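Ready for some practice in reading a protein model? Keep the sequence and the 3D view open, and try each task before you look at its solution.

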Amino acid sequence: MQKLSESLESSVTPLTCTPLADWHREHGARMTSFAGWNMPLHFSSGILQEHLGVRKFGGLFDISHMGRFRITGPDAVTFLRRVLTNDAARLELWQAQYTILAQEVGSALDDAYLFRFPDGYCLVVNAANTEQDWHHLKEHAKGLSVALEDITGTTGMLAVQGPRTEELLQKLLTEGQLPPPARNSVSEARLLDIDLRISRTGYTGEPVGFELFLPAEHTLRVWEGLVEAGESLGIRPVGLGARDTLRLEAGLTLFGHELGLAPDGTPIPVFAAPSASVAVNLAPDRGDFIGRRALEAQSAAYRSYRQGTTHPHESLPRLIRPLAILGPGVARQGDEVYWHGQKVGWVTSGTVVPYWVFTGEEANAVPTEKTARRAIALAYLNAEVPQEAFVEVNVRGRTLPARVVRRHGRSDLPPYFRPIIVQ
């Protein structure tokens with residue numbers, strides 16, 4: 001979602017605090033300024049251990065900084081179909097969908113998640129884009145019978161991600177049920193005697209994961225209950241640092257990196273990102289929406305590439321591709337990528353991630369006690385660069401060998417996310 005800043009808390013500009021800010025400070029978090037919010041970067045164990053903890057056991061994330069808008073009224077669906085790339089008309093009650101706020105040129109103003117509840121729709125957007133998105137939506141709501149309400153300050157939002165998190169939530173349920181075991185399903189329940197909404201969504205790539213919506217005044221109570229009950233399961237609080245490394249390992253896009261503007265300042269087409277296939281609905285009965293014509297051209301180009309065309313299309317000249325770094329070193333955003341001596345793009349995100357070494361056959365493999373580390377990246381590359389191509393990344397004048405890969409890990413064999421290691 002939004003670019004992570006590791007700058008320390010500013011002493012000049014007052015920062016907005018989530019309902020858990022004091023708890024984080026009291027429990028040893030290193031706090032950071034992020035999108036105007038005072039957020040935990042990591043706790044005492046550090047980013048690498050938090051990353052590993054999520055993958056083997058689970059983690060608790062404070063995501064109350066995300067923007068949340070309630071949308072109601074007779075024209076709510078008409079409005080949402082106009083401003084979002086996915087089709088709100090196809091969203092059933094107690095379901096969610098990933099979507100994009102597109103611009104007419106076919107790039108992303110932001111990416112978001114839309115939830116449908118009995119009392120209206122809830123659109124969750126990136127923290128740094130909340131104000132921009134609010135003005136954008138208000139402008140396009142003119143003339144329609146639709147009500148927009150910013151509920152960011154009156155609600156809390158938590159993420160509970162990892163293999164043992166379903167067991168954790170089941171322990172704390174006092175009424176109702178968890179959502180059905182399908183991604184993007186939603187339910188209403190009581191947890192620790194607090195009414196809240198639970199969705200099977202998340203930003204870590206974990207096969208098992210949930211997000212909780214609840215009144216702001218009850219956020220601390222639920223959080224402390226989750227922390228206490230999660231301790232025996234190995235589930236602990238996690239900061240923004242590991243949230244970023246987890247999403248990169250899962251190949252999930254981050255606004256300001258894989259969405260928005262490229263390192264050369266040009267707009268990144270929405271279909272350059274791998275998530276576009278689930279975020280954009282171009283069905284004939286979908287009707288017009290912002291950016292549709294540009295996205296149709298990008299979609300046609302993407303299908304052409306999937307069919308083996310190597311000639312670049314003007315509407316989609318580059319694609320976001322995972323890179324496995326094969327030598328010692330770390331690639332970072334903006335580093336140039338070369339293929340056969342020619343510059344073919346840039347790294348959009350890069351880091352070193354730890355991983356558990358697994359043992360056993362695919363479906364029954366389990367993590368051992370052994371860990372290792374690897375350097376990985378996502379890159380915005382010319383479309384003609386083939387899958388499995390060997391490339392080079394220029395890191396401050398030094399060349400790092402790398403390979404274009406299909407993905408860094410897989411989420412299709414629950415309960416574990418499994419790393420794919422390139423030797």
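**Exercise 1: A helix and its cover**

Task: In this predicted model, find which strands are included in what covers the buried residues of helix 9.

Solution: Strand 6 (95-102) and strand 16 (318-325) are included in that cover. Next, list the residues being covered: Arg 292, Ala 294, Leu 295, Gln 298, Ser 299, Ala 301, Ser 304 and Tyr 305 are the buried ones of helix 9. To see why such a list can follow a rhythm, recall that an α-helix has 3.6 residues a turn, so residues three or four places apart point the same way.

**Exercise 2: Checking a helix's length**

Task: Work out what span helix 9 (residues 292-306) should have at 1.5 Å a residue.

Solution: Start with its 15 residues. The expected span is 1.5 Å times one less than the number of residues, which gives 21 Å for helix 9. Now compare: the end C-alpha atoms are 21 Å apart, so the two values agree. Just after the helix, look for Gly 308, with a positive phi near 110°.

**Exercise 3: Edges of a sheet**

Task: Name the strands at the edges of the open sheet of 7 strands.

Solution: First write down the strand order, 11-12-13-14-10-4-15, with mixed pairing. Strand 11 (173-176) and strand 15 (236-238) are the edges; each has a single partner strand, so one side of each lacks a neighbour in the sheet. Then look inside the order: strand 10 (residues 155-161) and strand 14 (residues 209-215) run antiparallel, joined by 7 bridges. There, Val 160 is opposite Phe 210 of strand 14. Finally, find helix 6 (residues 219-230), which packs on the sheet with its direction at about 15° to that of strand 10.

How values were computed
Residues are numbered from 1 along each chain as its sequence is written. This is a predicted model: local features need pLDDT of at least 70, side-chain atom pairs count only at pLDDT 80 or more; totals for chains, interfaces and linings use all residues. Side-chain values use heavy atoms; hydrogens and water are left out. Helices (H or I, at least four residues) and strands (E, at least two) are DSSP runs, numbered from the N terminus. Buried means under 20% relative accessible area, exposed over 50%, partly exposed in between (1.4 Å probe, protein chains only). Contact means heavy atoms within 4.5 Å. Two strands pair if DSSP finds at least two bridges between them. Axes are lines fitted to C-alpha atoms, for helices over the stretch in contact, and angles run from 0 to 180 degrees between N-to-C directions.
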